[in-house]
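Good morning, and thank you for making time for this item. I should like to take you through one structure, part by part, and I ask that you keep the display in view while I speak.

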Amino acid sequence: MEIIHVSAECYPVAKAGGLGDVVGALPKYQSDNGHIAKVVMPMYRTKFLYNHQWELVHEGEQLLGQQPFRYAVIREKTNELGFDLYLVDINGLLDREKVYGYDDDTERFLAFQIAVCDWLSKWQHLPDIVHCHDHHAALIPFLMKYGYAFSARLAGIPTVFTIHNAQYQGWIGWDKQHLLPAFDNWKWGMLDWDNTINPLACAIKCATRVTTVSPSYMEELRYAANGLENLMQYEAGKSVGILNGIDADVWDPQKDGLIVKNYDDHLVKEGKRRNKKELCGHFGLDEDKPLIVFIGRLVGEKAADILPEAIRNSVYQHRGAASFLVLGSGDSVVENQLEEVKHNMHGYVNTYIGYNETLSHLMYAGADFLLMPSRVEPCGLNQMYALRYGTVPMVRSTGGLKDTVKDFGEWQGYGIRFNHATVPDITHSVGRAIDLYSNKRDLYNWMRSYMMNIDHSWDASAEEYTRLYESIKNS
Ligand code: ADP
């Protein structure tokens, strides 16, 4: 089968979060399983672009409203990633360093999607499946079906739309309707949700199948989907939750080149000790105490707003028996509060405000516990990386966290779970972590080797996607 993934992110080309990890890994597993998997994404000005060799495969011209724009599609020459990678270049719109966060993001991703449809419509042999990810690629199923310039060639191709995060829907005011290419006006209702053009809602209506990144998240969206609850219920028949996997080549403590000491489940004790020593030495923390880390975007979804207070409270209540290290960036208020806690609790708490892929690997390897108090977690990859590196996840019972972490109070449990994203719940869990680390050493050691052997690789999930594609391929 030939599948083309359309996405705003793909690791290691450009990544802002879990979406990048998923689109960097799933196609690789699909190629390994004998499919032709391709990825198309915007050509940002990232390091990856300059360090690789490219060939031009297509050039075209399209309109964004009345404004003509030229685009080019280039392909990575060596197939180094294990799948065909295509980048769409649009001067003045996509040639930026960052993935998101610009005032003209609406125009940027609209132009990207128009260019992708135009390019696809020129293919001699069309792909079997077009798989779109999140709201930046969410208008593609609509444009393929109802865009006058594209539908003649593309309307018959089945589409899959994956919701990685339903909080962000890509809303576009109807005053910007003129930016869309001409479409069958009878179908305007497909674009609309609550009097705005809502790309996420549009994809849920138009795609042949809709997936979310975990089964529990699919359930949750039926009653909490940032305004799309009714739609999720209505489209339940064509929707399914498929748990993300992790790229077992990139996230492997035995081979990871970004950590100080490689290890497997037999050498976990010594391996983690060495990585922890490096981490604690660098951040001025006591390596004899349990080290609890947080890695992620500092936003409300991740409950980052209560993190400063939860850490302060935990250090007081548990008399400094654990150390904390936070890696993340996002809400500037939270960033400042964390800096303040770090300042006041020197030696117990430290932070790295920013994005640092290398440090994140060292933290998964060197930490004893990984805290994820998320309010919303569609799948969550961090806890799966933590499991692979023998780091006990401390998670709130929600979304994918519920699907992947079992509390150690249960039979063969290997993590810590709590119910509420609140300071008392986090403080209590920190107490359980300290007790586990200090007083239940045999259980703790058993948990570490057990969790490292849980298979969260893409094998099983990629298989589920294949079954889904097969079911719609000739529909
Ligand atoms: P989300 O996509 O909601 O941000 P996920 O758990 O699905 O959350 O994926 C987060 C990914 O981003 C993980 O690979 C995590 O290690 C990485 N990450 C998040 N913040 C940072 C950061 N500040 N520095 C390095 N990596 C980060």
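What follows is a walk through the domains, the cores, two elements and a few single residues. Please bear in mind throughout that this is a predicted model.

I begin with the overall division. The domain assignment of the protein gives domain 1, made of residues 2–245 + 459–473, and domain 2, residues 268–456. Between the C-alpha centres of domain 1 and domain 2 the distance is 33 Å. To their contact, domain 1 contributes 19 residues and domain 2 contributes 17 residues.

Let me turn to strand 12, residues 291–298. How many of its residues are buried? Of the 8 residues in strand 12, 7 are buried, and the strand is thus mostly covered. Strand 12 has a parallel partner in strand 13, residues 323–330, to which 8 bridges join it. Within that pairing, Val-293 is placed opposite Leu-325 of strand 13. To get from strand 12 to strand 13, the chain passes through helix 11, residues 307–317, and the resulting β-α-β crossover is right-handed. Strand 12 also pairs with strand 15, residues 369–372, again in the parallel sense and over 2 bridges. There, Ile-292 faces Phe-369 of strand 15. As a general remark, side chains in a regular strand alternate between the two faces of the sheet.

The two residues I have just named, Ile-292 and Phe-369, lead us to the nonpolar core. Which members of the largest nonpolar core touch the most others? In this core of 88 residues, they are Ile-292, Ile-311 and Phe-369. The element that gives the most to this core is helix 16, residues 423–439, with 7 residues. Both domains take part, for the core draws at least three residues from each of domain 1 and domain 2.

Phe-369 merits a moment of its own. Leaving aside neighbours within four places in sequence, Phe-369 is in contact with Pro-290, Leu-291, Ile-292 and Val-293, and also with Thr-391, Val-392 and Met-394. Its remaining contacts are Ile-416, Ala-433, Leu-436, Tyr-437 and Tyr-444. Apart from this core there lies another, of 80 residues, including Leu-93, Cys-132, Phe-142 and Tyr-217. In soluble globular proteins generally, nonpolar side chains tend to be buried together.

Helix 16 also holds Ser-429. Is Ser-429 buried or exposed? Its relative accessibility is 1%, and therefore Ser-429 counts as buried. Outside the four places on either side in sequence, Ser-429 is in contact with Met-394, Ile-416 and Phe-418.

I move now to helix 1, residues 18–32. Helix 1 has 15 residues and reaches 21 Å from its first C-alpha to its last, close to the 21 Å expected at 1.5 Å a residue. Why may helix 1 be called largely enclosed? Because 12 of its 15 residues are buried, helix 1 is largely enclosed by the rest of the structure. Among the buried residues are Asp-21, Lys-28 and Gln-30, together with Leu-19, Val-22 and Tyr-29. The cover over the buried residues of helix 1 includes strand 1 (2–6), strand 2 (36–42) and strand 6 (129–133), as well as helix 14 (382–388) and helix 18 (458–473). After helix 1 comes Gly-34, with a positive phi near 95°.

Finally, I come to several loop residues. Lys-77 sits in the loop between strand 4 (67–76) and strand 5 (84–89). With a relative accessible area of 43%, Lys-77 is partly exposed. Lys-77 and Trp-54 are 23 residues apart in sequence, yet their C-alpha atoms are 5.2 Å apart in space. Beyond its neighbours within four places in sequence, Lys-77 is in contact with Gln-53, Trp-54 and Glu-55.

On backbone geometry, most residues other than glycine have a negative phi, and most peptide bonds are trans. The peptide bond from Tyr-11 to Pro-12 is cis, with omega near 5°. Pro-12 is in the loop between strand 1 and helix 1. Asn-226 has a positive phi, near 50°, and is found in the loop between helix 8 (215–221) and helix 9 (229–234). Gln-412 likewise has a positive phi, near 55°, and lies in the loop between helix 15 (399–404) and strand 17 (416–418). Asn-226 counts as partly exposed at 37% relative accessibility, and Gln-412 counts as partly exposed at 34%.

Thank you for your attention.

Terms used: Residues are numbered from 1 along each chain as its sequence is written. This is a predicted model: local features need pLDDT of at least 70, side-chain atom pairs count only at pLDDT 80 or more; totals for chains, interfaces and linings use all residues. Side-chain values use heavy atoms; hydrogens and water are left out. Buried means under 20% relative accessible area, exposed over 50%, partly exposed in between (1.4 Å probe, protein chains only). Helices (H or I, at least four residues) and strands (E, at least two) are DSSP runs, numbered from the N terminus. Two strands pair if DSSP finds at least two bridges between them. A crossover is right-handed if, with the strands pointing away from the viewer, the path from the first strand over the helix to the second runs clockwise. A nonpolar core is a set of buried Ala, Val, Leu, Ile, Met, Phe, Trp, Tyr and Cys residues joined through side-chain atoms within 4.5 Å. Domain bounds come from an automatic or database domain assignment. Contact means heavy atoms within 4.5 Å. The expected span of a helix is 1.5 Å times one less than its number of residues.
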